[in-house]
Amino acid sequence: MFRIPRLLKTCARMGGAIRSSGLLGTEPAPLQTPHLSGHWRQLASQDTVKFTFEFRDGARHEVAVKEGESLLDVVLDHDVDIDGFGACEGTLACSTCHLILPPEIYQTMSMEISDEEMDMLDLAFGLEDTSRLGCQCMVNKDYEGVVIKVPAGVNDQR
Ligand code: FES
């Protein structure tokens with residue numbers, strides 16, 4: 001799971017809110033970015049990948065993200081408006097993060113599907129041949145320019 005970047009973003013946002021609220025009285029020292037180990041530093045330095053979410057009504061939402069982010073984090077961090085998305089926060093308990101990948105992306109990732117994801121996908125609304133759970137899919141450079149389809153509805157299995 002690549003949850004650390006999201007946690008760091010949240011901490012940075014909270015630090016800014018606390019500083020601007022004046023609760024601390026005096027101006028604290030600037031937030032220090034934690035030292036990133038080699039893997040995270042490599043991810044942070046990579047170029048962005050642009051791709052698009054497409055809704056059933058044809059509306060689109062383009063995003064530009066770093067490689068290594070999960071589609072769950074992408075949807076939440078970029079305010080992609082999918083009702084009820086990610087209800088279990090990536091714990092493979094809900095299937096609300098169901099997305100339909102383009103075949104060329106699905107085929108490159110098909111070996112990564114766990115039994116737990118397959119079980120949860122079986123319960124997803126509007127299942128298609130290239131369906132995946134967004135919390136289990138990590139963005140890589142192959143996502144550049146692709147269109148990911150948003151199902152017509154969600155099915156929360158919790
Ligand atoms: S967020 Fe619940 S299964 Fe993916």
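**Exercise 1.** In this predicted model, locate glutamate 89 and decide whether its residue is buried or exposed.

*Solution.* Glutamate 89 sits in the loop that runs between helix H3 (71-77) and strand E3 (98-100). Its relative accessible area is 58%. The cut-off for an exposed residue is over 50%, so glutamate 89 is classed as exposed. As a further step, consider the backbone: glutamate 89 is not a glycine, yet its phi is positive, at about 60°.

**Exercise 2.** Determine where serine 95 lies and whether it is buried or exposed.

*Solution.* Serine 95 is placed in the loop between H3 and E3. Its relative accessibility is 2%. Buried means under 20%; therefore serine 95 counts as buried. The phi of serine 95 is near 70°, a positive value in a residue other than glycine.

**Exercise 3.** Assign histidine 98 to its secondary-structure element, classify it as buried or exposed, and state which residues it contacts beyond its neighbours within four places in sequence.

*Solution.* Histidine 98 belongs to strand E3. With a relative accessible area of 4%, under the 20% limit, histidine 98 is buried. Once neighbours within four places in sequence are set aside, the contacts of histidine 98 are Phe85, Leu121, Ala124, Phe125, Gly126, Leu127, Ser131, Arg132, Leu133 and Pro151.

**Exercise 4.** Identify which residues form the negative surface patch, and give the helix in which glutamate 116 is found.

*Solution.* The negative surface patch consists of Asp115, Glu116, Asp119 and Asp122. Of these, glutamate 116 is part of helix H5, which covers residues 115-121.

Technical notes. Residues are numbered from 1 along each chain as its sequence is written. This is a predicted model: local features need pLDDT of at least 70, side-chain atom pairs count only at pLDDT 80 or more; totals for chains, interfaces and linings use all residues. Side-chain values use heavy atoms; hydrogens and water are left out. Patches are made of residues with over 30% relative accessible area and no salt bridge: like charges are joined within 9 Å, nonpolar side chains (Val, Leu, Ile, Met, Phe, Trp, Tyr) within 5 Å. Accessible areas come from the Shrake-Rupley method with a 1.4 Å probe; for residues, only the protein chains shown count as cover. A salt bridge is a side-chain nitrogen of Lys or Arg within 4 Å of a carboxyl oxygen of Asp or Glu. Lys and Arg count as positive and Asp and Glu as negative; His and the chain ends are not counted. The place of a charge is taken as NZ of Lys, CZ of Arg, CG of Asp or CD of Glu. Helices (H or I, at least four residues) and strands (E, at least two) are DSSP runs, numbered from the N terminus. Buried means under 20% relative accessible area, exposed over 50%, partly exposed in between (1.4 Å probe, protein chains only). Contact means heavy atoms within 4.5 Å.
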